Amino acid sequence: QLAKEIAFFDLENWQKILDLVTAQGNILKQKGYHSQIEYNDSNLNFYLTKEGKRKKIFAKKINTNNQYFGKNLNKKNNGLIVDNEPMSKIELENIIDSSPEIISFNVILRAILQDSILPNICTICGPGEVAYFAQLKNVYSLFKKKASITIPRFSATIIEPSIAKSMSRVNIDFMDLFDDFNYLKQKVVNSKLNVDLNYILDNFKSVVFDKLNNLKEYLISNDIFVKDAFNRIEQNLYKEFKKLKNRIIAENLKRNELIEKDLQKVLLNILPNQNLQERTINIFYFINKYGFDFLKDLNDIVYFFKNSDFKKIYHEFLYL
(Lines give C-alpha, C1' and ligand atoms only; values in the text may rest on other atoms or scores of the structure.)
Protein backbone atom coordinates (compact mmCIF):
# COMPACT_ATOMS: atom_id res chain seq x y z
CA GLN A 1 0.00 0.00 0.00
CA LEU A 2 2.87 2.36 0.82
CA ALA A 3 4.29 1.80 -2.66
CA LYS A 4 1.17 2.69 -4.66
CA GLU A 5 1.91 6.43 -4.98
CA ILE A 6 5.41 5.70 -6.31
CA ALA A 7 4.09 3.13 -8.81
CA PHE A 8 1.50 5.61 -10.15
CA PHE A 9 4.21 8.28 -10.46
CA ASP A 10 6.45 5.89 -12.42
CA LEU A 11 3.58 5.02 -14.75
CA GLU A 12 3.43 8.69 -15.76
CA ASN A 13 7.16 9.48 -15.64
CA TRP A 14 9.09 6.29 -16.48
CA GLN A 15 10.61 7.89 -19.59
CA LYS A 16 11.91 10.90 -17.60
CA ILE A 17 13.39 8.55 -14.99
CA LEU A 18 15.09 6.53 -17.72
CA ASP A 19 16.56 9.70 -19.26
CA LEU A 20 17.89 10.95 -15.90
CA VAL A 21 19.49 7.61 -15.01
CA THR A 22 21.02 7.24 -18.49
CA ALA A 23 22.38 10.80 -18.51
CA GLN A 24 24.00 10.32 -15.10
CA GLY A 25 25.42 6.99 -16.24
CA ASN A 26 27.04 8.71 -19.23
CA ILE A 27 28.61 11.32 -16.92
CA LEU A 28 30.07 8.54 -14.78
CA LYS A 29 31.53 6.84 -17.88
CA GLN A 30 33.11 10.13 -19.01
CA LYS A 31 34.75 10.42 -15.58
CA GLY A 32 36.25 6.95 -15.87
CA TYR A 33 33.69 5.04 -13.76
CA HIS A 34 31.09 2.60 -15.03
CA SER A 35 27.34 2.88 -15.38
CA GLN A 36 25.88 0.47 -12.83
CA ILE A 37 22.28 0.68 -14.08
CA GLU A 38 21.83 -0.40 -17.70
CA TYR A 39 18.40 -1.54 -18.82
CA ASN A 40 15.97 -1.76 -21.71
CA ASP A 41 14.85 1.67 -22.95
CA SER A 42 11.16 0.76 -23.01
CA ASN A 43 10.40 -0.90 -19.67
CA LEU A 44 8.80 0.64 -16.61
CA ASN A 45 10.58 0.54 -13.27
CA PHE A 46 8.37 -2.02 -11.58
CA TYR A 47 7.22 -5.57 -12.25
CA LEU A 48 4.05 -7.61 -11.96
CA THR A 49 4.25 -11.00 -10.28
CA LYS A 50 2.54 -13.72 -12.30
CA GLU A 51 2.64 -17.37 -11.23
CA GLY A 52 5.43 -16.64 -8.79
CA LYS A 53 7.68 -14.89 -11.34
CA ARG A 54 8.40 -11.21 -11.87
CA LYS A 55 7.35 -9.96 -15.31
CA LYS A 56 8.67 -6.76 -16.90
CA ILE A 57 6.23 -4.15 -18.12
CA PHE A 58 7.10 -2.74 -21.53
CA ALA A 59 5.71 0.30 -23.33
CA LYS A 60 4.78 -0.43 -26.95
CA LYS A 61 6.25 1.52 -29.84
CA ILE A 62 3.85 3.93 -31.49
CA ASN A 63 5.78 4.53 -34.72
CA THR A 64 8.79 3.41 -36.72
CA ASN A 65 11.00 6.09 -35.13
CA ASN A 66 11.22 3.98 -31.96
CA GLN A 67 9.05 6.42 -30.02
CA TYR A 68 7.10 4.94 -27.13
CA PHE A 69 3.88 5.82 -25.33
CA GLY A 70 5.19 8.36 -22.87
CA LYS A 71 3.25 10.45 -20.38
CA ASN A 72 -0.04 9.88 -22.23
CA LEU A 73 -0.02 6.10 -22.41
CA ASN A 74 -3.03 5.19 -24.51
CA LYS A 75 -5.88 4.31 -22.12
CA LYS A 76 -8.15 2.71 -24.70
CA ASN A 77 -5.69 0.76 -26.80
CA ASN A 78 -3.11 -1.66 -25.54
CA GLY A 79 -0.18 0.66 -24.77
CA LEU A 80 1.70 -1.85 -22.61
CA ILE A 81 3.02 -5.39 -22.86
CA VAL A 82 3.32 -7.75 -19.88
CA ASP A 83 4.66 -11.27 -20.45
CA ASN A 84 4.07 -10.87 -24.21
CA GLU A 85 0.42 -9.96 -23.62
CA PRO A 86 -1.07 -6.51 -24.29
CA MET A 87 -2.38 -4.36 -21.45
CA SER A 88 -3.88 -0.89 -21.33
CA LYS A 89 -2.82 1.84 -18.96
CA ILE A 90 -6.16 1.82 -17.18
CA GLU A 91 -5.85 -1.94 -16.57
CA LEU A 92 -2.45 -1.42 -14.96
CA GLU A 93 -3.79 1.48 -12.88
CA ASN A 94 -6.54 -0.81 -11.56
CA ILE A 95 -3.97 -3.48 -10.65
CA ILE A 96 -1.83 -0.96 -8.78
CA ASP A 97 -4.86 0.32 -6.90
CA SER A 98 -6.49 -3.00 -6.04
CA SER A 99 -3.57 -5.47 -5.85
CA PRO A 100 -0.36 -3.61 -4.95
CA GLU A 101 0.99 -6.80 -3.37
CA ILE A 102 1.78 -8.24 -6.83
CA ILE A 103 3.96 -5.23 -7.68
CA SER A 104 7.70 -5.18 -7.01
CA PHE A 105 10.15 -2.39 -7.78
CA ASN A 106 13.47 -2.45 -9.61
CA VAL A 107 16.62 -1.06 -8.00
CA ILE A 108 15.64 2.55 -8.83
CA LEU A 109 12.21 2.60 -7.23
CA ARG A 110 13.29 0.31 -4.38
CA ALA A 111 15.70 3.06 -3.25
CA ILE A 112 13.00 5.73 -3.54
CA LEU A 113 10.53 3.62 -1.53
CA GLN A 114 13.15 2.85 1.12
CA ASP A 115 13.88 6.53 1.76
CA SER A 116 10.19 7.46 1.58
CA ILE A 117 9.20 5.05 4.34
CA LEU A 118 12.35 5.37 6.45
CA PRO A 119 14.09 8.69 5.67
CA ASN A 120 17.82 8.53 6.38
CA ILE A 121 20.42 11.16 7.16
CA CYS A 122 23.05 8.91 5.61
CA THR A 123 23.30 5.44 4.09
CA ILE A 124 26.41 3.30 4.51
CA CYS A 125 26.84 1.16 1.41
CA GLY A 126 29.05 -1.45 -0.13
CA PRO A 127 30.66 -0.71 -3.53
CA GLY A 128 27.71 -2.08 -5.54
CA GLU A 129 25.11 0.07 -3.78
CA VAL A 130 27.35 3.15 -3.90
CA ALA A 131 27.46 2.73 -7.67
CA TYR A 132 23.65 2.51 -7.85
CA PHE A 133 23.08 5.63 -5.73
CA ALA A 134 25.57 7.55 -7.89
CA GLN A 135 23.00 7.42 -10.71
CA LEU A 136 19.90 8.22 -8.66
CA LYS A 137 20.43 11.72 -7.25
CA ASN A 138 18.39 13.46 -9.97
CA VAL A 139 15.68 10.78 -9.80
CA TYR A 140 15.17 11.65 -6.13
CA SER A 141 14.71 15.28 -7.15
CA LEU A 142 12.08 14.26 -9.72
CA PHE A 143 10.14 12.56 -6.92
CA LYS A 144 10.59 15.76 -4.85
CA LYS A 145 12.65 13.83 -2.34
CA LYS A 146 16.19 14.34 -1.10
CA ALA A 147 18.69 11.52 -1.34
CA SER A 148 20.53 10.70 1.87
CA ILE A 149 24.28 11.18 2.04
CA THR A 150 25.97 8.02 0.78
CA ILE A 151 29.01 6.87 2.73
CA PRO A 152 31.14 4.00 1.39
CA ARG A 153 31.51 1.11 3.81
CA PHE A 154 35.10 0.52 4.83
CA SER A 155 36.39 -2.55 3.05
CA ALA A 156 39.65 -4.40 3.60
CA THR A 157 41.43 -7.50 2.38
CA ILE A 158 43.35 -9.40 5.07
CA ILE A 159 46.73 -10.75 3.97
CA GLU A 160 48.04 -13.07 6.66
CA PRO A 161 51.81 -13.56 7.17
CA SER A 162 51.82 -17.04 5.59
CA ILE A 163 49.96 -15.69 2.53
CA ALA A 164 52.38 -12.76 2.27
CA LYS A 165 55.28 -15.26 2.22
CA SER A 166 53.61 -17.26 -0.54
CA MET A 167 53.13 -14.06 -2.59
CA SER A 168 56.79 -13.24 -2.12
CA ARG A 169 57.88 -16.71 -3.24
CA VAL A 170 55.91 -16.51 -6.48
CA ASN A 171 56.88 -12.85 -6.97
CA ILE A 172 53.39 -11.31 -7.23
CA ASP A 173 51.81 -8.35 -5.47
CA PHE A 174 48.19 -7.65 -4.48
CA MET A 175 47.14 -5.89 -7.69
CA ASP A 176 48.45 -8.79 -9.79
CA LEU A 177 45.69 -10.98 -8.34
CA PHE A 178 43.03 -9.10 -10.29
CA ASP A 179 44.56 -10.16 -13.62
CA ASP A 180 43.28 -13.10 -15.61
CA PHE A 181 44.33 -16.34 -13.89
CA ASN A 182 46.16 -17.74 -16.92
CA TYR A 183 48.04 -14.46 -17.34
CA LEU A 184 48.97 -14.58 -13.66
CA LYS A 185 50.29 -18.13 -13.99
CA GLN A 186 52.26 -17.03 -17.03
CA LYS A 187 53.78 -14.14 -15.08
CA VAL A 188 54.81 -16.50 -12.27
CA VAL A 189 56.44 -18.91 -14.71
CA ASN A 190 58.24 -16.08 -16.52
CA SER A 191 59.66 -14.83 -13.24
CA LYS A 192 61.22 -18.26 -12.64
CA LEU A 193 62.67 -18.67 -16.12
CA ASN A 194 65.95 -17.29 -17.43
CA VAL A 195 64.30 -16.11 -20.64
CA ASP A 196 61.32 -13.93 -21.53
CA LEU A 197 58.84 -16.59 -22.63
CA ASN A 198 56.35 -14.03 -23.91
CA TYR A 199 58.93 -12.31 -26.09
CA ILE A 200 60.24 -15.57 -27.57
CA LEU A 201 56.80 -16.99 -28.43
CA ASP A 202 55.40 -13.70 -29.70
CA ASN A 203 58.47 -13.16 -31.86
CA PHE A 204 58.19 -16.67 -33.29
CA LYS A 205 54.46 -16.15 -33.99
CA SER A 206 55.25 -12.88 -35.76
CA VAL A 207 57.85 -14.58 -37.99
CA VAL A 208 55.43 -17.38 -38.94
CA PHE A 209 52.61 -14.98 -39.81
CA ASP A 210 54.96 -12.73 -41.80
CA LYS A 211 56.05 -15.69 -43.91
CA LEU A 212 52.45 -16.80 -44.35
CA ASN A 213 51.42 -13.31 -45.40
CA ASN A 214 54.36 -13.07 -47.83
CA LEU A 215 53.30 -16.35 -49.44
CA LYS A 216 49.72 -15.12 -49.75
CA GLU A 217 50.80 -11.84 -51.40
CA TYR A 218 53.19 -13.71 -53.74
CA LEU A 219 50.44 -16.03 -54.97
CA ILE A 220 47.99 -13.18 -55.47
CA SER A 221 50.60 -11.11 -57.34
CA ASN A 222 51.06 -14.06 -59.72
CA ASP A 223 47.32 -14.15 -60.37
CA ILE A 224 46.75 -17.30 -58.33
CA PHE A 225 43.30 -17.27 -56.83
CA VAL A 226 43.44 -18.03 -53.07
CA LYS A 227 40.03 -16.78 -51.84
CA ASP A 228 39.65 -17.93 -48.19
CA ALA A 229 42.33 -20.62 -48.29
CA PHE A 230 44.53 -18.80 -45.77
CA ASN A 231 41.78 -17.81 -43.31
CA ARG A 232 41.35 -21.20 -41.71
CA ILE A 233 45.10 -21.71 -41.45
CA GLU A 234 45.51 -18.33 -39.71
CA GLN A 235 42.69 -19.08 -37.27
CA ASN A 236 44.13 -22.49 -36.43
CA LEU A 237 47.61 -21.04 -35.96
CA TYR A 238 46.30 -18.48 -33.45
CA LYS A 239 44.65 -21.30 -31.50
CA GLU A 240 47.76 -23.51 -31.64
CA PHE A 241 50.08 -20.72 -30.47
CA LYS A 242 47.76 -20.08 -27.52
CA LYS A 243 47.72 -23.81 -26.70
CA LEU A 244 51.50 -23.94 -26.97
CA LYS A 245 51.96 -21.07 -24.52
CA ASN A 246 49.47 -22.52 -22.02
CA ARG A 247 51.06 -25.96 -22.28
CA ILE A 248 54.55 -24.63 -21.61
CA ILE A 249 53.23 -22.72 -18.59
CA ALA A 250 51.41 -25.80 -17.29
CA GLU A 251 54.47 -28.03 -17.73
CA ASN A 252 56.70 -25.59 -15.87
CA LEU A 253 54.20 -25.29 -13.05
CA LYS A 254 54.12 -29.08 -12.77
CA ARG A 255 57.90 -29.15 -12.63
CA ASN A 256 57.78 -26.97 -9.56
CA GLU A 257 54.62 -27.94 -7.68
CA LEU A 258 55.44 -25.55 -4.85
CA ILE A 259 54.86 -22.59 -7.18
CA GLU A 260 51.40 -23.82 -8.16
CA LYS A 261 50.51 -24.62 -4.54
CA ASP A 262 51.59 -21.15 -3.42
CA LEU A 263 49.62 -19.52 -6.21
CA GLN A 264 46.48 -21.54 -5.45
CA LYS A 265 46.87 -20.81 -1.73
CA VAL A 266 47.12 -17.06 -2.34
CA LEU A 267 44.09 -16.95 -4.63
CA LEU A 268 42.00 -19.15 -2.31
CA ASN A 269 42.64 -16.79 0.60
CA ILE A 270 42.57 -13.39 -1.06
CA LEU A 271 40.17 -13.91 -3.98
CA PRO A 272 38.20 -17.09 -3.19
CA ASN A 273 36.20 -18.18 -6.24
CA GLN A 274 37.31 -14.92 -7.90
CA ASN A 275 35.26 -12.95 -5.33
CA LEU A 276 36.36 -10.33 -2.84
CA GLN A 277 37.53 -11.98 0.36
CA GLU A 278 34.85 -10.24 2.47
CA ARG A 279 32.07 -11.82 0.38
CA THR A 280 33.22 -15.38 1.01
CA ILE A 281 35.30 -15.71 4.19
CA ASN A 282 33.39 -15.09 7.42
CA ILE A 283 34.98 -12.82 10.03
CA PHE A 284 34.96 -15.70 12.55
CA TYR A 285 37.66 -17.43 10.52
CA PHE A 286 40.03 -14.64 11.60
CA ILE A 287 38.58 -14.28 15.13
CA ASN A 288 39.13 -18.00 15.76
CA LYS A 289 42.78 -17.64 14.72
CA TYR A 290 43.66 -14.26 16.26
CA GLY A 291 41.05 -13.64 18.96
CA PHE A 292 38.61 -10.75 19.37
CA ASP A 293 41.51 -8.25 19.45
CA PHE A 294 41.48 -8.71 15.69
CA LEU A 295 38.31 -6.57 15.55
CA LYS A 296 40.01 -3.80 17.52
CA ASP A 297 42.96 -3.90 15.13
CA LEU A 298 40.59 -3.57 12.16
CA ASN A 299 38.83 -0.68 13.87
CA ASP A 300 42.15 1.11 14.38
CA ILE A 301 42.88 0.70 10.66
CA VAL A 302 39.50 2.23 9.77
CA TYR A 303 40.25 5.35 11.80
CA PHE A 304 43.75 5.53 10.37
CA PHE A 305 42.33 5.69 6.85
CA LYS A 306 39.28 7.84 7.54
CA ASN A 307 40.87 11.02 6.14
CA SER A 308 42.92 9.38 3.42
CA ASP A 309 42.85 10.01 -0.31
CA PHE A 310 40.57 7.09 -1.14
CA LYS A 311 37.67 8.97 0.51
CA LYS A 312 38.27 11.89 -1.86
CA ILE A 313 37.93 9.52 -4.81
CA TYR A 314 34.60 8.22 -3.47
CA HIS A 315 33.32 11.73 -2.88
CA GLU A 316 34.13 12.76 -6.43
CA PHE A 317 32.25 9.67 -7.57
CA LEU A 318 29.19 10.35 -5.40
CA TYR A 319 28.67 14.01 -6.14
CA LEU A 320 29.23 14.17 -9.91
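These legends describe close-up views of a predicted model.

**View 1. Strand S1 and its covering.** Strand S1 spans residues 43-50. Six of its eight residues are buried, which leaves the strand mostly covered.

**View 2. The pairing of S1 with S2.** Strand S2 is made up of residues 53-59 and runs antiparallel to S1, with five bridges joining the two. One of the residues to look for is Tyr47, whose bridge partner in S2 is Lys56. The two strands form a hairpin, and two residues lie between them. Glu51 sits in the turn and has a positive phi of about 55°.

**View 3. The pairing of S1 with S5.** S1 is also joined to strand S5, residues 103-105, by three bridges. This pair is antiparallel. Leu48 has Ile103 as its bridge partner in S5.

**View 4. The largest nonpolar core.** This core holds 31 residues. Those that touch the most other members are Leu44, Phe46, Ile57, Leu92, Phe105, Leu136 and Val139. Helix H1, residues 4-30, contributes six residues to the core, the most of any element.

**View 5. The surroundings of Leu92.** With residues up to four places away in sequence not counted, Leu92 touches Leu11, Leu44, Phe46, Leu48, Ile57, Leu80 and Met87. Among these, Leu44, Phe46 and Leu48 fall within the residue range of S1, and Ile57 falls within that of S2. Leu11 falls within the range of helix H1.

**View 6. A second core.** Separate from the largest core is another one, with 13 residues. Its members include Ile163, Val188, Leu263 and Leu267.

Technical notes
Residues are numbered from 1 along each chain as its sequence is written. This is a predicted model: local features need pLDDT of at least 70, side-chain atom pairs count only at pLDDT 80 or more; totals for chains, interfaces and linings use all residues. Side-chain values use heavy atoms; hydrogens and water are left out. Buried means under 20% relative accessible area, exposed over 50%, partly exposed in between (1.4 Å probe, protein chains only). Helices (H or I, at least four residues) and strands (E, at least two) are DSSP runs, numbered from the N terminus. Two strands pair if DSSP finds at least two bridges between them. A nonpolar core is a set of buried Ala, Val, Leu, Ile, Met, Phe, Trp, Tyr and Cys residues joined through side-chain atoms within 4.5 Å. Contact means heavy atoms within 4.5 Å.
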